[in-house]
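Colleague: Could you walk me through this model and the reasoning behind the labels you put on it?

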Amino acid sequence: MSESKILLSENKNGILYLTINRESKLNALNFETLEELKNIFDEVNDNKTIKSVILTGAGEKAFVAGADINEIAELNELNARKFAENGQEIFNLIESCHKPVIAVVNGFALGGGCELAMACHMRIASANAKFGQPEVNLGIIPGYGGTQRLTYLIGRGKANEFLMTGEMIGAEEAKTLGLVNHVAPDKQGAIAKAEQILHTIMSKAPLAIGMIIDCVNAVFIPSENGYQIEANGFARCVKSDDYQEGTTAFLEKRKPNFKGE
Ligand code: COA
């Protein structure tokens, strides 16, 4: 794996556990953390020993409490656009990863932290999780894709309220809104739930999982024709050895043994 100072990574049986480790700053995303996220996700697609990812924050208090406000305070009109585009590019990389990425949200997921969780394919929250886009309190708006992903996830009216008031919501409300998939009593429980989901997904054909990610992501990109991407992905799957294995195993009444080819 790449050399990382802030991101802790450990591959256990195909699940890459990534922990943002800036606990004293509530895991706020500074430039260095973003760069490390980019480097690791560049590697995740190519590394055959990684089948899926769980992303979380160090400690019990925060997933990520936002972009680092010390760095935001230094921005000017010239570099602010680049700042936002850089974050968007990294979050798009996570969203388009061909291996499932689950955010385990343990505590505060604010601003860039909420945006990071939304860029993952699923979110499992611990009961103490708090979500919010408080940028308006600083006189700015989300810049890492939050206005777009939140609106797709929870709908226009609720997204407007969430973004314009900057208020936080708890894990259960986030679940009701569709922002999180499941709520667990604590961080360990949330990790266990994420592992359970990933073990199920990892027993399926990896190519099909990657194609599903492309198709679902296409819904959120107005310039893409999702139906065309689906038809292409379907054809690509049918060309694979795993398709032969899946259909043969069904007919032979046994479990398939997918190889990712
Ligand atoms: N950027 C930089 N540092 C941050 C941070 C952020 N987004 N969020 C928290 N921190 C730092 C605090 O400055 C503090 O550092 P210090 O001990 O060196 O002073 C440390 O993390 C602990 O935070 P603190 O505010 O003391 O904890 P708290 O329990 O009183 O409050 C929050 C927790 C999350 C409510 C509060 O930290 C907060 O509002 N953070 C900013 C959230 C935000 O606006 N995010 C969006 C940014 S665009």
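Modeller: Sure, here is a run through the ligand site, a surface patch and two backbone oddities, bearing in mind that this is a predicted model.

Colleague: Let's start with the ligand. Which residues come nearest to it?

Modeller: There are 17 residues around the ligand, and K25, K61, A65, A67 and I69 come nearest. As for elements, α2 (69-72) and β6 (108-110) each supply at least two residues of that shell.

Colleague: What makes the ligand's pairing with the backbone of A65 a polar contact?

Modeller: A polar contact needs a pair of N or O atoms within 3.5 Å. A ligand nitrogen is 3.0 Å from a polar backbone atom of A65, so that pair falls inside the cut-off. A67 also has a polar backbone atom 3.0 Å from a nitrogen of the ligand, and for I69 the distance is 2.9 Å. Those pairs pass too, because the limit is 3.5 Å.

Colleague: How much of the ligand does the protein bury?

Modeller: The protein buries 60% of the 860 Å² that the ligand exposes when taken alone.

Colleague: And what is the make-up of the shell by class?

Modeller: You'll find 10 nonpolar, three polar and four charged residues in the shell around the ligand.

Colleague: On to the surface. Which residues form the nonpolar patch?

Modeller: Y152, I212, V216, V219, F220 and I221 form the patch, with about 530 Å² of accessible area together. Helix α9 (residues 206-219) gives the largest share, three residues.

Colleague: Why is V216 called partly exposed?

Modeller: V216, which is found in helix α9, has a relative accessible area of 45%. Buried would be under 20% and exposed over 50%, so V216 lands in between and counts as partly exposed. Patch residues need over 30%, so V216 clears that bar as well.

Colleague: Now the backbone. What is odd about the phi of L26?

Modeller: Phi of L26 is near 50 degrees, a positive value in a residue other than glycine. Most residues other than glycine have a negative phi, so a positive one stands out. N27 has a positive phi too, about 60 degrees, and is not a glycine either. L26 lies in the loop between β2 (15-20) and α1 (31-44), and N27 is found in the loop between β2 and α1 as well.

Colleague: How do you know whether N27 is buried or exposed?

Modeller: Its relative accessible area is 1%. Buried means under 20%, so N27 is buried. L26 has 25%, which lies between 20% and 50%, so L26 is partly exposed.

How values were computed
Residues are numbered from 1 along each chain as its sequence is written. This is a predicted model: local features need pLDDT of at least 70, side-chain atom pairs count only at pLDDT 80 or more; totals for chains, interfaces and linings use all residues. Side-chain values use heavy atoms; hydrogens and water are left out. A residue is near a molecule or strand if one of its heavy atoms lies within 4 Å of it. A polar contact is a pair of N or O atoms within 3.5 Å; within protein, one must be able to donate a hydrogen and the other to accept it, and residues adjacent in sequence count only if both atoms are side-chain atoms. Accessible areas come from the Shrake-Rupley method with a 1.4 Å probe; for residues, only the protein chains shown count as cover. Helices (H or I, at least four residues) and strands (E, at least two) are DSSP runs, numbered from the N terminus. Ala, Val, Leu, Ile, Met, Phe, Trp, Tyr, Cys and Pro count as nonpolar, Asp, Glu, Lys and Arg as charged, and the others, Gly among them, as polar. Patches are made of residues with over 30% relative accessible area and no salt bridge: like charges are joined within 9 Å, nonpolar side chains (Val, Leu, Ile, Met, Phe, Trp, Tyr) within 5 Å. A salt bridge is a side-chain nitrogen of Lys or Arg within 4 Å of a carboxyl oxygen of Asp or Glu. Buried means under 20% relative accessible area, exposed over 50%, partly exposed in between (1.4 Å probe, protein chains only).
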